[in-house]
Amino acid sequence: MAKVLLITAHPHDETVSYSMATAKAFIESYKEANPSDEVVHIDLYKENIPHIDADVFAGWGKLQSGAGFDTLSAEEQAKVSRLNELSDQFVSADKYVFVSPLWNFSFPPVLKAYIDSVAVAGKTFKYTEQGPVGLLTDKKALHIQARGGYYTEGPAAELEAGHRYLGTIASFFGIPSFEGLIVEGHNAEPAKAEQIKADAIERAKSLGKTF
């Protein structure tokens, strides 16, 4: 049995969002093909995802100096504990499905905060004399991303930073398989929007059977 984290970074549901609609089709297909697997949905707009701020740095500093957890302030304890929960949950999974729109050439800030929470030395990567080495070498990841314009090819391709960033992070963590399921062009060509969505959903259903 595998554990899948469905990590969604969109304030809307599948009735509005193209990425969320595609993700819904993917997960339904995946569950049908893998009924014994566990799928855990992490809605980043509803979860508590602490930002790495002064409280977190202070808490980490105290713990690294050998101080006990009870020496941390209430705020430091709450944030450090939550960050530990998130990183432990991430490491415990076998597969990751990230779902996001393309906003301002990247993704919503809640997703960056989440990535920061799981990029932890000793858990997802380690430092060596040869440089950092990823530790998640037996995992796989998928990014479902909706783009209103066209960024796969052409002059706008180099502007897309969201999917590329997640690919970089996946590689940094040592994840050997990182795929993209891209939905694009529905704002550029609104007359084709429904067909673009329908095509993406069909691709999602197909990928859900083999992921």
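The following exercises, with worked solutions, concern a predicted model of a protein.

**Exercise 1. Overall architecture**

Determine how many helices and strands the protein has and in what order they run.

*Solution.*
Step 1. The count gives six helices and seven strands.
Step 2. Read from the N terminus, the order of elements is β-α-β-α-α-β-α-β-β-β-α-β-α.
Step 3. As to contacts with a separation of 6 or more, 75% of them link residues 24 or more positions apart.

**Exercise 2. Overall dimensions**

Establish whether the radius of gyration of the protein agrees or disagrees with that of a compact globule.

*Solution.*
Step 1. For 211 residues, a compact globule would have a radius of gyration near 17 Å.
Step 2. The protein has 18 Å, which agrees with that expectation.
Step 3. Along the principal axes, the C-alpha atoms occupy a box of roughly 60 × 40 × 35 Å.
Step 4. Of the 211 residues, 45% are buried, while the accessible surface amounts to about 10600 Å², with carbon and sulfur atoms contributing 53%.
Step 5. Among the side chains, 20 are positive and 28 negative, and the centres of these two sets are 3 Å apart.

**Exercise 3. The surroundings of strand β3**

Explain why strand β3 is described as largely enclosed, and identify the strands to which bridges join it.

*Solution.*
Step 1. Strand β3 covers residues 95-101. A residue counts as buried when its relative accessible area is under 20%.
Step 2. Seven of the seven residues of β3 are buried, so the strand is largely enclosed by the rest of the structure.
Step 3. In a regular strand, side chains alternate between the two faces of the sheet.
Step 4. In β3, Lys95, Val97, Val99 and Pro101 point one way, whereas Tyr96, Phe98 and Ser100 point the other way, and all are buried.
Step 5. Strand β1 (residues 3-8) runs parallel to β3 and is joined to it by five bridges; within this pairing, leucine 6 has valine 97 as its bridge partner.
Step 6. Strand β6 (residues 140-147) also runs parallel to β3, through seven bridges, and here proline 101 stands opposite alanine 146.

**Exercise 4. Packing of helix α4**

Identify the buried residues of α4 and the elements against which they pack, then describe the environment of isoleucine 115.

*Solution.*
Step 1. The buried residues of α4 are Leu111, Ala113, Tyr114, Ile115, Ser117 and Val118.
Step 2. These residues pack against β1, β2 (38-43), α3 (74-92), β3 and α5 (162-172).
Step 3. Isoleucine 115 belongs to α4, which spans residues 109-118, and has a relative accessible area of 1%, so it is buried.
Step 4. Leaving aside residues up to four places away in sequence, isoleucine 115 touches Phe98, Tyr165, Leu166 and Ile169.

**Exercise 5. A buried serine in helix α1**

Decide whether serine 29 is buried or exposed, and state which residues it touches.

*Solution.*
Step 1. Serine 29 lies in helix α1, residues 18-33.
Step 2. Its relative accessibility is 6%, so serine 29 counts as buried.
Step 3. Beyond residues up to four places away in sequence, serine 29 touches Ala204, Lys205, Gly208 and Lys209.

**Exercise 6. Backbone angles between β3 and α4**

Characterise the phi values and accessibility of asparagine 104 and phenylalanine 105.

*Solution.*
Step 1. Asparagine 104 is placed in the loop between β3 and α4, as is phenylalanine 105.
Step 2. Asparagine 104 has a positive phi near 50 degrees, and phenylalanine 105 has a positive phi of about 75 degrees; neither is a glycine.
Step 3. Asparagine 104, with a relative accessible area of 74%, is exposed, whereas phenylalanine 105, at 38%, is partly exposed.

How values were computed:
Residues numbered from 1 in each chain as written. Predicted model: local features only at pLDDT ≥ 70, side-chain atom pairs only at ≥ 80, totals over all residues. Heavy atoms only, no water. Helix = DSSP H or I, 4+ residues; strand = E, 2+ residues; numbered from the N terminus. Rg over C-alpha atoms; globule rule 2.2 N^0.38 Å. Buried < 20%, exposed > 50% of the residue type's maximum accessible area, 1.4 Å probe, protein only. Contact = heavy atoms within 4.5 Å. Areas by Shrake-Rupley, 256 points an atom, 1.4 Å probe, with all protein chains shown as cover. Lys, Arg positive; Asp, Glu negative; His and termini not counted. Charge placed at Lys NZ, Arg CZ, Asp CG, Glu CD. Pairing = 2+ DSSP bridges.
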